[in-house]
Amino acid sequence: MKKSAFILLLLLSISAFAFAQDVPKAAQDLSKQDTTNPAALKKLESEPQPNADSKPVALTFAPLADSKKFTLIAYGDTRFSDPKETAATNPEVRVALVKQIASEKPSAVLISGDLPWHGGDENDWNQYEVETKPWRDAGIHVYPALGNHELNGGDEKGINFWWAHFPELKGSRWYSVRIGNCLVLSLDSNSKLGDGSPQTDWIKTQLSAAPKDIDFVLFTMHHPAYTDSFPTPAGGHSARKQEQDFAAMLEKIQPTVRARFLVVAGHVNNYERFEHNGVVYLTSGGGGAKPYPIDRSADALYKYEKVNYHYIRLSVDGRTLSAHMFRWEDDGKAGKFVARDSFTLNASSK
Ligand SMILES: [Fe+2]
């Protein structure tokens, strides 16, 4: 081998090693897999659990001066953890997001899962409490959906910590909450969502029994029904069948009801927007978790291919819901939030 070729090979090996150090363990495990084989990749996605018990809980949250004009924030994949953990999650961005969200003075924050890095580690939950003090100081309510990281470190341990930090949810893995003219259905995509499952039966009942003055139904869940992401050595997740079937069900129901459906998922550490058969689907997994770029398809309504740390502001004003995605941009100082996507949903008057 020529000396120049050897040096090039050496440099490539060093950069590959450095890259591997920067990639979370799950992604490193993935890098050993055949990423060209769809069947192999499918096995890497966690499968939903069939036996999750959940006591139905219907919460009502209405401390609103005007029950038809208020702001909600949606985002997910924060991965609260020791600030020394900088490979799996970005503590600087996490703190900036919490502070910015507090300054929005929303009525509530909807979190689409993966709130802690390791749900079985109480220190991560305590770090969540420490970092979100600005929300408690501002009296902002938090409604979380269960992600897979909540159960990371033991299902029972994780779910018990979740309930300890959100005591009004105790005993429930999925629940509803009415906020003004919005009905929020917070789902557990770790559990079965298919036809005949307790969770899907409950969703159908919630929709058929929804009060007539509900203008928007917001579904928060962790695993997305639509995404352009797929597993790569740098990270990524494909959509699973149960969420695709769930979306097909919503798209059948949407034309038959007056309220508009909006689905906010996470799991994919980026931002995406799609609309299918009148239902809008957002991926909002840019709350701090190690981000990765996405090659956008023709279906994607948001096209920026790089990473997107962000949050989404949902402003409800009667039968109009205006959504704005604010992306964190590093200006070399403290960073700033810039509106990079927006859309409007209108509920029918009939
Ligand atoms: Fe996740």
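This report walks through the fold, the main sheet and two unusual backbone angles of a predicted model.

## Overall make-up

Let's start with the whole chain. The protein contains nine helices and 13 strands. Of its 350 residues, 42% are buried. Among the contacts with a separation of 6 or more, 71% link residues that sit 24 or more positions apart.

## The six-stranded sheet

A good place to look next is the open sheet, whose six strands follow the order β4-β3-β2-β11-β12-β13 with mixed pairing. Its edge strands are β4 and β13 (336-346), each of which pairs on one side only. On average, neighbouring strands of this sheet are turned by 20° against each other, with direction ignored.

At the β13 end, β12 (residues 320-329) and β13 run antiparallel and are joined by 10 bridges. Within this pair, Val-338 of β13 stands opposite Arg-327. Helix α4 packs on the sheet and touches β2, β3, β11 (310-317), β12 and β13. The direction of α4 makes about 145° with that of β12.

## Strand β3 and its neighbours

Now for β3, which is covered on both faces. Ala-108 and Leu-110 are buried on one side, while Val-109 and Ile-111 are buried on the other. The chain reaches β3 from β2 by way of α4, in a right-handed β-α-β crossover.

β3 has parallel partners in β2 (residues 69-75), through four bridges, and in β4 (residues 141-144), again through four bridges. Leu-110 is a handy residue to click on here: Ala-74 stands opposite Leu-110, and the bridge partner of Leu-110 in β4 is Tyr-143.

## Two positive phi angles

Two residues deserve a look if you are checking backbone torsions. Lys-105 is not a glycine, yet it has a positive phi of about 50°. Lys-105 belongs to the loop between α4 (91-103) and β3 (108-111). His-267, also a residue other than glycine, has a positive phi near 70°. The loop that holds His-267 runs between β8 (260-265) and β9 (271-276).

Are these two residues buried or exposed? Lys-105 is exposed because it has 12 other C-beta atoms within 10 Å, and the cut-off for exposed is 12 or fewer. His-267 counts as buried because it has 30 C-beta neighbours inside 10 Å, where buried calls for 20 or more.

Definitions and conventions
Residues numbered from 1 in each chain as written. Predicted model: local features only at pLDDT ≥ 70, side-chain atom pairs only at ≥ 80, totals over all residues. Contact = placed C-beta atoms within 7 Å. Pairing = 2+ DSSP bridges. Right-handed = clockwise from strand over helix to strand, strands pointing away. Axes fitted to C-alpha atoms, helices over the stretch in contact; angles between N-to-C directions.
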